[in-house]
Amino acid sequence: EIADDCPLGEHAFQIRNDALLTRLSTFNVTRFPCVDEAEVRLHSNDTLIHAVELPRNANVTVRGSIRQLTVQDVDLYKVAVRSGIRLSIEADMAQIAEAHIGASEIDAAVRVLDESGRELAAADDSGLHLQDPILSVIPSYDGFAYIEVKQSTFTPISGAAYGLGGLP
């Protein structure tokens, strides 16, 4: 549990007991309210129709995950937008990961789509966050935009190797 007076930002930690010492990991404390991805089952928020709606008029931090399986996991979020008002997204995946492996689930790509699914903007990496994308777009309409988060490079894994057999 994180204390209410914990400073904002990234914090390193390890867990140690009589039997083990974990790898150095990090957690981030944000000033924004946290919203869980709430993916009911794998691939349940992979389409515009089933996108997770984010609160209106609020800056939020979404706590989600991208799973690397035999079919690419895509997470979509629906957000209300107004013409001329900036929409900004930062995806912090590589920064909070404890292991950095090429072609893995921690290399994110973000796209912003309009209501018809047309791409308004896209980002894979950024100069500020290196492997993590930062994206900002100013919609020219009132309505909804969709934020798509997925792996920038997808390498399917063998379900048999992980005892998965098929997707749930």
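# Notebook: a predicted all-strand chain

**Entry 1, the sheet.** I began with the open sheet of five strands, whose order I noted as E4-E6-E11-E8-E9, with mixed pairing. At its edges I found strand E4 (52-53) and strand E9 (119-123), and since each has a single partner strand, one side of each is left without a neighbour in the sheet. I keep in mind throughout that this is a predicted model.

**Entry 2, the pairings one by one.** I then went across the sheet from E4. E4 and E6 run parallel and are joined by two bridges, and I could place Val52 opposite its bridge partner Tyr77 in E6. E6 pairs with E11 in the antiparallel sense, over seven bridges, and here I found Val81 standing opposite Gly143 in E11. On the far side, strand E8 (residues 108-113) and E9 pair in the antiparallel sense over four bridges; within this pairing Leu113 stands opposite Glu119, while Val112 has Ala121 as its bridge partner. What do E8 and E9 form, and how many residues lie between them? I wrote down that they form a hairpin with five residues between them, and that Gly117 in the turn has a positive phi of about 95°.

**Entry 3, the whole chain.** How many helices and how many strands does the protein chain have? I counted zero helices and eleven strands, so that the pattern read along the sequence is β-β-β-β-β-β-β-β-β-β-β, following the definition of strands as DSSP runs. The chain has 168 residues, of which 34% are buried. I also looked at contacts between residues at least 6 apart in sequence, and 67% of these join residues at least 24 apart.

**Entry 4, the cores.** I looked next at the largest nonpolar core, which has 20 residues, and noted that Leu87, Ile89, Val110, Val112, Leu135, Ala145 and Ile147 touch the most other members. Strand E6 (75-81), strand E7 (87-90), E8, E9, strand E10 (134-137) and strand E11 (143-151) each supply at least two residues of this core. There is also a second, separate core of six residues, among them Ala51, Leu113, Phe144 and Tyr146. To see one core member in detail I chose Leu87, which, leaving aside neighbours within four places in sequence, is in contact with Val79, Val81, Val112, Leu135, Ser136, Val137 and Ala145. Turning back to E6, I found this strand mostly covered, with five of its seven residues buried.

**Entry 5, Asn45.** Is Asn45 buried or exposed? I found Asn45 buried, because its relative accessible area is 1% and the cut-off for buried is under 20%. Asn45 lies in the loop between strand E3 (34-36) and E4. Beyond its neighbours within four places in sequence, Asn45 is in contact with Glu37, Glu39, His50, Val52, Val74, Asp75 and Leu76. I noted in particular that Asn45 and Leu76 are 31 residues apart in sequence, yet 5.8 Å apart in space, C-alpha to C-alpha.

**Entry 6, Arg63.** I then looked up Arg63, which is found in strand E5 and is partly exposed, with a relative accessible area of 48%. Which residues does Arg63 touch, not counting those up to four places away in sequence? I listed Cys34, Val35, Asp36 and Glu37. The C-alpha atoms of Arg63 and Cys34 are separated by 6.6 Å, although the two residues are 29 apart along the chain.

**Entry 7, rings.** I searched for aromatic pairs and the count came to zero. I did find a charge over a ring, however: the charged end of Lys78 sits over the ring of Phe144, 4.3 Å from its centre. Phe144 is one of the residues I had already listed in the second core.

**Entry 8, confidence.** I closed with the confidence values, noting that the mean pLDDT of the protein chain is 76 and that 71% of its residues reach 70 or more. Which strand has the lowest confidence, and which the highest? Strand E5 (residues 61-63) is lowest, at a mean of 76, and E9 is highest, at 90. Over residues 159-168 the pLDDT is below 50, and this stretch has eleven contacts in the model beyond near neighbours in sequence. Where pLDDT is low, the predicted coordinates should not be read in detail.

Terms used
Residues are numbered from 1 along each chain as its sequence is written. This is a predicted model: local features need pLDDT of at least 70, side-chain atom pairs count only at pLDDT 80 or more; totals for chains, interfaces and linings use all residues. Side-chain values use heavy atoms; hydrogens and water are left out. Two strands pair if DSSP finds at least two bridges between them. A nonpolar core is a set of buried Ala, Val, Leu, Ile, Met, Phe, Trp, Tyr and Cys residues joined through side-chain atoms within 4.5 Å. Buried means under 20% relative accessible area, exposed over 50%, partly exposed in between (1.4 Å probe, protein chains only). Contact means heavy atoms within 4.5 Å. pLDDT is the predictor's confidence in each residue, from 0 to 100. Rings of Phe, Tyr and Trp (its six-membered ring) pair if their centres lie within 6.5 Å; planes under 30 degrees apart count as stacked, over 60 as edge-to-face and the rest as tilted. A charge sits over a ring if NZ of Lys or CZ of Arg is within 6 Å of the ring centre and within 35 degrees of the ring normal.
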